Amino acid sequence: MSQNAGREFGYSVGFIPYGKRMANGRPALRRGRLIVVEGIDGSGKSTQIKLLHKWLQARGHQVVFTEWNSSDLVRQATKRGKKKNLLTPTTFSLLHATDFADRLTYRIIPYLKSGITVLADRYIYTAFARDSARGVDPRWARDLYSFAVKPDAAFYFRVPIDVAVDRILGSRAKIKFYEAGMDLGLSPDPVESFRMFQGRVIEEYDRITEEFGFRVIDGTRSIDSQQQQVRSIVARLYNETGLAEAS
Amino acid sequence: MIPGKDGARFFGHGLPYADVRDLKGTLITLEGTDGVGRTTQVALLKEWLEVQGYGVIETGWTRSELMSETIGAAKAGHNLNQLTFSLLYATDFADRLEKIILPALRSGFVVLADRYVFTAFARSVVRGADPVWIRSVFGFALVPDLTLYLKTDADTLVRRVLGSRGIDYWESGMDMHLGTDLFESFRKYQWRLIRQYNRMAREFGFVTVDATLGVDEIQARIRRRVQALLDDRRMQVLSTSLDTIRPLLFEAEEDEVAAPVSAPRSADEAPARAASGPSQD
């Protein structure tokens with residue numbers, strides 16, 4: 001992370017130099033921490049962020065949680081688009097960007113401003129990885145999300161595709177159409193399509209790990225040892241950035 | 001503007017997965033602010049083109065199958081901010097571009113767009129969006145063959161709109177809190193929009209038509225421009241097909257096949273991915 005990562009943000013200061021700011025997005029002092037988890041379905045990231053949430057609360061931090069694709073604004077459109085398979089890679093991407101913009105405005109920025117920690121299950125990197133895997137131009141996706149706030153830490157839970165497939169088939173029997181990238185016509189078999197599509201998503205995550213400074217966690221290790229690793233990084237984050245205001 | 005691959009031109013990075021090689025149709029857009037008479041002109045133009053035998057497809061702002069309901073509800077509930085406002089428009093536009101405009105252009109239709117990306121640029125920028133950002137968001141959009149800009153001024157517009165259907169909340173930019181009453185807000189908001197359109201007229205090379213003239217005179221000017229464009233396109237098609245048959249006429253003795261073999265466009269573009277675009281009809 002850069003020297004003053006996340007110390008200030010307006011609508012977009014977080015992603016300079018990738019993005020351009022909204023013209024009237026004034027930088028404002030940011031006091032809460034933004035911590036995000038990334039990884040493919042079945043990587044274990046949701047389990048890990050729940051455990052982190054419990055731990056932060058136990059330590060007396062105020063914490064809110066926000067999830068990818070959960071705003072009311074585009075819920076109907078997304079649902080209908082998915083049900084009827086109306087979505088193209090570009091509209092899929094834009095619907096998720098709209099959802100994210102809505103949550104950023106109402107569910108993330110006000111909390112950060114008031115000093116509350118925000119935990120996000122998936123962040124803009126999910127869009128970068130999936131959209132690239134679907135064939136949209138990666139530069140376009142980065143410009144699109146250039147209004148986003150840069151997180152204080154982005155954890156990437158890395159698992160081989162076979163591990164993810166076994167976990168998903170072991171828990172919920174059904175693989176969803178778009179999660180499997182069935183819209184791309186890679187394979188008529190959902191499991192095989194999932195394997196191919198999510199394999200591409202892993203490649204994209206790996207490709208952007210360095211660019212965005214992901215903290216890579218080996219998702220094949222035991223749940224508690226992964227959590228220990230996450231907590232020690234988060235603890236450092238609070239100590240480092242919680243002491244004094246950066247210039 | 002970046003000229004796109006395969007002859008099509010996009011505002012930015014384009015649609016890498018879509019097949020845009022052979023767009024036989026013509027894309028004509030009408031722009032201009034609210035209440036300027038765009039829709040009337042589009043209807044008259046469509047009629048005239050169809051009488052001449054052209055296939056015409058019309059598409060209008062926020063009319064996509066995917067988004068029109070959502071946008072309507074969001075506007076009615078006033079729960080939009082400047083970011084989601086811009087992004088909902090972009091989603092609607094992308095849906096219409098891929099599901100209506102591109103298929104129609106592939107099939108050789110004249111596509112008449114009542115408003116185009118420029119409306120999103122103007123409305124987003126007056127609401128505080130970075131002009132560079134909003135242009136990059138719409139980087140997947142095709143550059144039209146012709147953009148007709150119906151130009152007016154705010155005072156003429158106010159009289160015109162009051163005299164016909166009255167003033168509307170969003171057309172007055174009431175979400176921006178520009179004035180104490182609807183009238184003041186409408187005038188200020190429209191003045192700002194018109195200023196954006198005038199700037200874009202230079203930036204993007206709009207063909208400007210004086211919208212304070214009578215309906216028939218405006219239509220006559222529009223038709224002259226459209227006729228010239230369609231004549232040009234016809235000449236292009238003719239010369240392209242001449243290029244195609246020339247080798248057959250003059251080099252018939254050669255054994256080689258004249259048809260060019262299309263190679264994969266870039267290394268990372270696997271055939272499976274190229275095939276995943278919308279089907280060609």
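This report describes a predicted model with chains A and B, covering confidence, the contact between the chains, helix packing in chain B and two buried residues of chain A.

**Confidence**

The model as a whole scores ipTM 0.83 and pTM 0.83. For chain A the average pLDDT is 84, and 84% of the residues score at least 70. Within chain A the element with the lowest mean pLDDT is strand 1 (residues 8–9), at 30, while strand 7 (residues 215–218) has the highest, at 98. In chain B the mean pLDDT is 85, and 86% of the residues reach 70 or more.

Each chain also contains stretches of low confidence. In chain B, pLDDT is below 50 over residues 1–5, a stretch with eleven contacts in the model beyond near neighbours in sequence. The pLDDT is likewise below 50 over residues 263–281 of chain B, where the model has 24 contacts beyond near neighbours in sequence. In chain A, residues 1–29 stay under 50 in pLDDT, and the model gives this stretch 68 contacts beyond four places in sequence. Residues 242–247 of chain A also stay under 50, with two contacts beyond four places in sequence. Where pLDDT is low, the predicted coordinates should not be read in detail.

**The contact between the chains**

Chain B contributes 37 residues to the contact, and chain A contributes 34 residues. On the side of chain B that touches chain A, at least two residues each come from helix 2 (68–77), helix 3 (82–106), helix 5 (131–137) and helix 9 (271–274) of chain B. Helix 3 of chain B gives the most to this side, with nine residues. By class, the side of chain B that touches chain A consists of 19 nonpolar, twelve polar and six charged residues.

**Fold and helix packing in chain B**

Chain B has nine helices and seven strands. Of its 281 residues, 41% count as buried. Among the contacts in chain B with a separation of 6 or more, 78% are between residues 24 or more positions apart.

Helix 7 of chain B takes part in two helix packings described here, one with helix 4 of chain B and one with helix 6 of chain B. The table sets out their geometry.

| Helix pair in chain B | Axis separation | Angle | Crossing |
|---|---|---|---|
| Helix 4 (residues 117–126) and helix 7 (residues 182–204) | within 9 Å | roughly 130° | right-handed |
| Helix 6 (residues 154–164) and helix 7 | 9 Å | about 130° | right-handed |

At this angle, helix 4 of chain B and helix 7 of chain B are therefore oblique to each other. From helix 4 of chain B, the residues that meet helix 7 of chain B are Phe118(B), Phe121(B), Ala122(B), Arg123(B), Val125(B) and Val126(B). Their partners in helix 7 of chain B are Arg192(B), Leu193(B), Gln196(B), Tyr197(B), Met200(B) and Phe204(B). By class, this contact of helix 4 with helix 7 of chain B has nine nonpolar, one polar and two charged residues.

Helix 6 of chain B and helix 7 of chain B are therefore oblique to each other as well. In this contact, helix 6 of chain B supplies Ala154(B), Leu157(B) and Val158(B), and helix 7 of chain B supplies Phe186(B), Arg187(B), Gln190(B), Trp191(B) and Ile194(B). By class, the contact of helix 6 with helix 7 of chain B has six nonpolar, one polar and one charged residues.

**Two buried residues of chain A**

Leu144(A) is found in helix 5 (residues 138–144) of chain A. With 29 other C-beta atoms within 10 Å, Leu144(A) is buried. Not counting residues up to four places away in sequence, Leu144(A) touches Ala97(A) and Val137(B). Leu144(A) and Ile233(A), 89 residues apart in sequence, are 30 Å apart in space, C-alpha to C-alpha.

Ile168(A) lies in helix 6 (residues 161–171) of chain A. Ile168(A) counts as buried because it has 21 C-beta neighbours inside 10 Å, and the cut-off for burial is 20 or more. Leaving aside neighbours within four places in sequence, Ile168(A) is in contact with Asp41(A), Gly42(A) and Ile175(A). Gly42(A) stands 126 residues from Ile168(A) along the chain, yet their C-alpha atoms are separated by 5.7 Å.

Note on methods:
Residues numbered from 1 in each chain as written. Chains lettered and ligands numbered in written order. Predicted model: local features only at pLDDT ≥ 70, side-chain atom pairs only at ≥ 80, totals over all residues. Contact = placed C-beta atoms within 7 Å. Helix = DSSP H or I, 4+ residues; strand = E, 2+ residues; numbered from the N terminus. Nonpolar A, V, L, I, M, F, W, Y, C, P; charged D, E, K, R; others polar. Axes fitted to C-alpha atoms, helices over the stretch in contact; angles between N-to-C directions. Parallel < 35°, antiparallel > 145°, perpendicular 65-115°, else oblique. Left-handed = near helix turned anticlockwise from the far one by under 90°. Buried ≥ 20, exposed ≤ 12 C-beta atoms within 10 Å, placed from the backbone. pLDDT = per-residue confidence, 0-100.
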